[in-house]
Amino acid sequence: MKSPDIERLLDTLGQPGRLQSISCFCLFVNLWVVMTNHMSSVFFAAKTEYSCIDKNTSSHVLPLLSRNGQAETDECSILINNNTEKCTVWDYHLPDGETTIISEFDLVCDDAYKSDLTTTIYFAGVMMGGVVFGILADKYGRKRVVISTLFLSGIVGVVTFVLRTYVAYVVLRFFLGFFMQGVQNSSFVLTMEMLPMKYRAKGGILFVGSGVFGVLLLDFLAFVIQDWKYVQLCTGLLPFLQVLVLWFLPGSLRWNIVQKNIREAEAIIQRTVTFNKLTFPQKLFDEIKNVALNKKNDVQDEQKKGNAIDIFRSPTLRKITFILFLNWFTFALGYYGLAFHISHLFGNKYLNFAISSIMDAIFESNLLWIVPRYGRRRPLTISFFICAVANVVCSIVASQSGECKKEWTQYTHEPCEQNEHNVQRATEMKQPHISRKSKKDYDNTEKVVKQCKTIFDRVSNSAYIKYQITNVQQPKKTGQRKGVTLSRSSSMKSPDIEGLLDTLGQPGRLQSISCFCLCVNLWVVMTNHMSSVFFAAKTEYSCIDKNTSSHVLPLLSRNGQAKTDECFILMNNNTEKCTVWDYHLPDGETTIISEFDLVCDDAYKSDLTTTIYFAGVMMGGVVFGILADKYGRKRVVISTLFLSGILGVATFVFRTYVAYVVLRFFLGFLMQGVQNSSFILALEMLPMKYRAKGGILFVGSGVFGVLFLDFLAFVIQDWKYVQLCTGLLPFLQVLVLW
């Protein structure tokens with residue numbers, strides 16, 4: 001089924017017609033429903049001031065803390081009869097009638113983390129829903145998925161109002177996020193498939209931009225109702241209204257034609273032309289019908305259907321995919337991260353939220369003329385640049401004055417919203433049945449494959465295999481970029497290679513030994529991945545006087561006991577910042593915390609090292625996958641092992657924090673190259689029927705690396721010499737794998 005045929009059919013049904021316009025608007029409203037749930041944590045988990053009170057007398061606690069010369073109350077402890085006890089009742093300083101999940105479930109003190117945990121769990125459901133419902137929408141249709149997810153999300157929303165316990169709230173929010181992503185993705189795809197190609201850019205912008213009205217609706221409900229439970233009830237009832245509306249909308253004409261549901265497609269066309277007062281395009285429909293029904297004789301029909309894994313097979317698609325992943329990650333981190341903390345800004349949270357939403361609408365409306373004129377890449381790049389500059393500037397201002405308020409909302413929260421349409425639009429263009437470029441690449445590759453030589457039945461050596469694969473998979477092209485996705489009907493059939501692998505052993509001794517050696521590579525990787533468990537282990541410390549080496553005088557009175565302040569020292573009745581600490585570690589044990597004094601104001605640097613390391617891991621997964629495809633798996637494995645050994649030893653030698661962070665980044669970068677390339681090489685050595693077990697054994701072998709690291713850390717204890725040992729391991733592996 002050629003894409004131009006369906007495009008011509010869509011053009012004859014209106015550009016766009018009234019029915020398509022009304023249908024798209026109704027689908028836009030779905031995003032309102034989605035955004036009221038996505039952004040509900042802004043008000044449900046808004047910043048809530050509180051203080052501990054005596055449950056018997058309802059009076060506030062006496063001062064327990066003396067910090068910087070001022071008396072402060074302890075919100076988590078109470079002083080009763082000169083005994084300090086944990087607080088069990090709090091007074092929440094909220095306007096009359098306003099409640100949050102913090103005040104509802106007492107998410108304060110030891111349970112304060114549970115407030116943010118609800119948002120994390122919700123978006124975990126969103127992540128899973130994006131995967132599951134994309135597959136279901138392709139199999140059962142977009143409209144069915146939209147209606148079913150709306151109905152189920154409405155049920156979950158109402159049940160969340162009824163069951164008012166924290167555990168029930170968290171579980172239900174997970175499933176609510178799961179269904180909401182099904183609503184969003186399927187609604188977006190259905191909207192795009194209703195419109196002709198030339199209107200999809202504007203349609204995508206309007207779809208994403210319409211989410212602003214959902215945010216404003218949530219802001220209005222929260223402002224008027226204030227009680228989070230009844231706001232939840234209202235947002236839970238909205239999906240049921242949408243189900244009633246969408247029940248009467250037509251489904252995806254494109255999907256029905258591709259799935260050969262000719263009767264359903266004909267009914268959609270008839271309904272559309274009747275509503276739009278057009279004539280039925282009988283001739284064009286008959287052509288499309290004949291092609292669809294006769295598609296069984298087409299070469300393309302014999303090929304295996306595509307799936308999500310296909311976007312990782314081609315280097316070009318893999319590169320685009322990871323770039324889009326990074327775009328989405330950056331967008332989500334910037335947009336939602338700032339939006340969920342609007343209640344922490346100065347001023348009225350409802351007004352701040354409304355201002356940020358209006359700014360979203362302004363930037364989204366500008367995309368209607370920016371995208372047609374400048375494309376997608378430049379606006380996307382400029383938007384990210386504005387976000388980065390604004391975040392840096394606001395961080396500096398905030399650190400100096402503590403009042404980076406509306407600037408966060410106006411200059412970082414809103415420009416990032418532009419990225420959502422660009423990423424969704426770019427993702428949509430990759431779909432084979434939508435993208436003309438993908439169809440063109442397919443036709444060109446299919447033509448080249450037909451010109452290739454017939455494959456051999458029996459192969460005698462690997463050089464001949466390499467020659468044949470090179471000739472088949474690198475056809476001549478003119479005017480095309482390198483790395484275009486190849487057709488599945490390649491002349492080198494997989495059964496030929498599988499038959500060759502079977503004749504070489506199932507598996508043979510050489511393959512078994514080789515796979516074991518590659519499994520040992522994962523030991524090396526895991527000793528580095530998990531090293532922060534011991535390198536940045538929890539380290540107790542206390543401040544000492546650098547002149548007398550004595551501990552500081554008590555500064556705090558907490559829980560009825562006098563404690564020293566680890567970050568300040570009392571000298572001559574003046575409080576000064578501590579510069580020397582005593583680390584309470586067993587004899588001979590050291591950590592990067594004790595090595596680089598990562599305490600007090602620098603405590604965050606301990607976790608930062610792990611974050612930077614895995615940032616390198618993330619980048620390595622992208623880069624070395626491409627290099628392994630281009631230069632071979634073995635070369636990448638040996639080179640990354642050798643370089644990681646050099647970096648491991650250098651980390652032992654250069655004992656400064658900056659050097660440690662930089663070297664750890666590149667170490668993570670190289671380690672991911674070792675892991676991915678070793679895994680692929682191990683699987684490619686095995687016949688197909690042994691790959692499942694081989695993959696399990698490979699991944700499971702990482703446990704021995706973790707145990708080896710645990711043994712080294714237990715025996716050596718000093719993190720520097722543990723690092724030296726893990727840095728020498730790759731050199732031993734290079735000698736073995738050579």
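Biologist: Contact here means heavy atoms within 4.5 Å. With that in hand, which residues does Ser153 touch, not counting residues up to four places away in sequence?

Modeller: Keep in mind that this is a predicted model. Leaving out residues up to four places away in sequence, Ser153 touches Leu176, Phe179, Met180 and Pro239.

Biologist: And where is the place of Ser153?

Modeller: Ser153 sits in helix 6, which covers residues 142-162.

Biologist: Is Ser153 buried or exposed?

Modeller: Ser153 has a relative accessible area of 1%, so it counts as buried; the cut-off for buried is under 20%.

Biologist: What does the side chain of Ser153 reach?

Modeller: The backbone oxygen of Leu150, at 2.8 Å.

Biologist: Okay, zooming out. How many helices and strands does the protein have?

Modeller: There are 30 helices and twelve strands. Of the 738 residues, 46% are buried. Among contacts with a separation of 6 or more, 77% are between residues 24 or more positions apart.

Biologist: Let's talk helix packing. At what angle do the axes of helix 22 and helix 29 cross?

Modeller: Roughly 50 degrees, and the axes come within 7 Å. Helix 22 is residues 509-529 and helix 29 is residues 702-716. That angle is why helix 22 counts as oblique to helix 29. The crossing of helix 22 past helix 29 is right-handed.

Biologist: Which residues in helix 22 and helix 29 meet?

Modeller: Helix 22 brings Leu522, Trp523, Met526 and Thr527, while helix 29 brings Gly702, Phe704, Gly705, Val706, Phe708 and Leu709. By class, that contact has seven nonpolar and three polar residues, with no charged ones.

Biologist: How about helix 12 and helix 13, at what angle do their axes cross?

Modeller: Their axes cross at roughly 160 degrees and come within 11 Å, with helix 12 being residues 262-276 and helix 13 residues 282-293. So helix 12 is roughly antiparallel to helix 13. Helix 12 passes helix 13 in a right-handed crossing. Ile262, Glu266 and Ile269 of helix 12 make the contact with Phe285, Lys289, Ala292 and Leu293 of helix 13.

Biologist: And by class, how many residues of each kind in the contact of helix 12 with helix 13?

Modeller: Five nonpolar, no polar and two charged.

Biologist: Switching to loops. Where is Thr539 found?

Modeller: In the loop between helix 23 (532-535) and strand 7 (541-543). Thr539 is buried, with a relative accessible area of 8%.

Biologist: Which side chain does Thr539 join in a polar contact?

Modeller: The side chain of Thr591, at 3.2 Å. A polar atom of the Thr539 side chain also lies 2.9 Å from the backbone oxygen of Ala537. Setting aside residues up to four places away in sequence, Thr539 touches Tyr583, Leu585, Thr591 and Ile593.

Biologist: Last topic, backbone angles. What is phi of Gln226?

Modeller: Near 70 degrees, a positive value in a residue other than glycine. Most residues other than glycine have a negative phi. Gln226 is in the loop between helix 9 (211-225) and helix 10 (228-246), and it is partly exposed at 21% relative accessible area.

Modeller: Gln717 is worth a look too. Its phi is near 75 degrees, a positive value again in a residue other than glycine.

Biologist: Where is the place of Gln717?

Modeller: In the loop between helix 29 and helix 30 (719-737). Gln717 is partly exposed, with a relative accessible area of 27%.

Terms used:
Residues are numbered from 1 along each chain as its sequence is written. This is a predicted model: local features need pLDDT of at least 70, side-chain atom pairs count only at pLDDT 80 or more; totals for chains, interfaces and linings use all residues. Side-chain values use heavy atoms; hydrogens and water are left out. Helices (H or I, at least four residues) and strands (E, at least two) are DSSP runs, numbered from the N terminus. Buried means under 20% relative accessible area, exposed over 50%, partly exposed in between (1.4 Å probe, protein chains only). A polar contact is a pair of N or O atoms within 3.5 Å; within protein, one must be able to donate a hydrogen and the other to accept it, and residues adjacent in sequence count only if both atoms are side-chain atoms. Axes are lines fitted to C-alpha atoms, for helices over the stretch in contact, and angles run from 0 to 180 degrees between N-to-C directions. Angles under 35 degrees count as roughly parallel, over 145 as roughly antiparallel, 65 to 115 as roughly perpendicular and the rest as oblique. A crossing is left-handed if the near helix is turned anticlockwise from the far one by less than a right angle, and right-handed if clockwise. Ala, Val, Leu, Ile, Met, Phe, Trp, Tyr, Cys and Pro count as nonpolar, Asp, Glu, Lys and Arg as charged, and the others, Gly among them, as polar.
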